[in-house]
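Q: I'd like a close look at a single part of this model, please. Pick one stretch of the chain and take me through its surroundings, step by step.

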Amino acid sequence: METKKLGKVEINPSALEVIANIAATEVEGVSKLLGKKVYSRGVELEFAGTELVIDVYCNLKAGFSVAKTARKIQENVRNSIFNMTEISTKTVNVNIIGIDF
């Protein structure tokens with residue numbers, strides 16, 4: 001069976017930021033993501049070769065473990081990016097800016 005090339009698929013980096021934003025805010029214990037952009041607020045990304053480096057900036061809700069919540073953010077962001085785009089994530093850096101009471 002012969003396979004045909006259908007064309008090229010390009011994903012805008014802002015689309016990846018939106019995916020990461022949604023994935024981070026889905027995690028229980030995240031209060032809000034911090035940043036100036038509306039849909040990709042609190043997420044910055046850059047490519048390291050073919051892999052992605054993502055920085056997430058957020059506040060957590062009081063009473064949640066910082067380490068466990070940060071780990072869940074990393075896992076959810078990494079899995080969401082891969083499941084939706086098949087792009088490998090090199091690192092997901094979680095920056096906890098504050099705790100909201």
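A: **Helix α2 and what surrounds it**

With a relative accessibility of 45%, Glu-75 counts as partly exposed, because that value lies between the 20% limit for buried and the 50% limit for exposed. Glu-75 belongs to helix α2, and that helix is a good place to start exploring this predicted model. One spatial link from this residue reaches far along the sequence: Val-27 is 48 residues away along the chain, yet the two C-alpha atoms are separated by 9.8 Å.

A little context helps before going further. The chain has 2 helices and 4 strands, arranged along the sequence as α-β-β-β-α-β. Its C-alpha atoms fit a box of roughly 60 × 25 × 20 Å along the principal axes. Of the contacts with a separation of 6 or more, 66% join residues 24 or more positions apart. Out of 101 residues, 35% are buried, while the accessible surface is about 6,900 Å², with carbon and sulfur atoms contributing 51% of that area.

Now let's move to the interior. In soluble globular proteins, nonpolar side chains tend to be buried together. Here the largest nonpolar core contains 22 residues, and Ile-54, Ile-73, Val-77 and Ile-81 have the most contacts inside it. At least two residues of this core come from each of α1 (13–25), β1 (30–33), β2 (43–48), β3 (51–61), α2 (66–85) and β4.

Val-77 makes a handy centre for this view. Beyond its neighbours within four places in sequence, Val-77 is in contact with Ala-20, Ala-23, Ala-24, Ile-54 and Val-92. Among these partners, Ala-24 deserves its own look. Ala-24 sits in helix α1 and counts as buried because its relative accessible area is 0%, below the 20% limit. Setting aside residues up to four places away, Ala-24 touches Val-30, Leu-33, Val-56, Ile-73 and Val-77. Two of the best-connected core residues, Ile-73 and Val-77, are therefore among the partners of Ala-24. For a sense of scale, Ala-24 and Thr-89 are 65 residues apart in sequence, with 14 Å between their C-alpha atoms.

Let's follow the chain into the loop between α2 and β4. Which two residues of that loop can we compare? Glu-86 is one, and Ile-87 is another. With 66% relative accessibility, Glu-86 is exposed, because this value is over 50%. Ile-87, at 16%, is buried, since its value is under 20%. The backbone at Glu-86 also merits a check in your viewer: phi there is positive, about 60°, although Glu-86 is not a glycine.

Ile-87 has plenty of company. Apart from neighbours within four places in sequence, Ile-87 is in contact with Ile-11, Leu-16, Phe-47, Thr-50, Leu-52, Ile-81 and Phe-82. Ile-81, one of the residues with the most contacts inside the core, is thus a direct partner of this loop residue. Thr-50 is another of the contacts; Ile-87 and Thr-50 lie 37 residues apart along the chain, with 7.9 Å between their C-alpha atoms.

Next comes the hairpin. Strands β2 and β3 pair in the antiparallel sense, over 6 bridges, and they form a hairpin with 2 residues between them. Gly-49, in the turn, has a positive phi of about 75°. Ala-48 stands opposite Glu-51 in β3.

Finally, two surface features round off the tour. Ile-99, found in strand β4 (residues 89–100), is partly exposed, because its relative accessibility of 37% falls between the two limits. Together with Val-66 and Phe-101, Ile-99 forms a nonpolar surface patch with about 360 Å² of accessible area.

The other feature involves charge. Side chains of opposite charge can pair when their charged atoms come close. In the whole structure, the search finds 1 salt bridge: the side chains of Glu-10 and Lys-8 meet at 3.0 Å, N to O. Both Glu-10 and Lys-8 are exposed.

Key:
Residues numbered from 1 in each chain as written. Predicted model: local features only at pLDDT ≥ 70, side-chain atom pairs only at ≥ 80, totals over all residues. Heavy atoms only, no water. Patch = residues over 30% accessible without salt bridge, like charges linked within 9 Å, V, L, I, M, F, W, Y side chains within 5 Å. Areas by Shrake-Rupley, 256 points an atom, 1.4 Å probe, with all protein chains shown as cover. Salt bridge = Lys/Arg side-chain N within 4 Å of Asp/Glu carboxyl O. Buried < 20%, exposed > 50% of the residue type's maximum accessible area, 1.4 Å probe, protein only. Core = buried A, V, L, I, M, F, W, Y, C linked by side-chain atoms within 4.5 Å. Contact = heavy atoms within 4.5 Å. Pairing = 2+ DSSP bridges.
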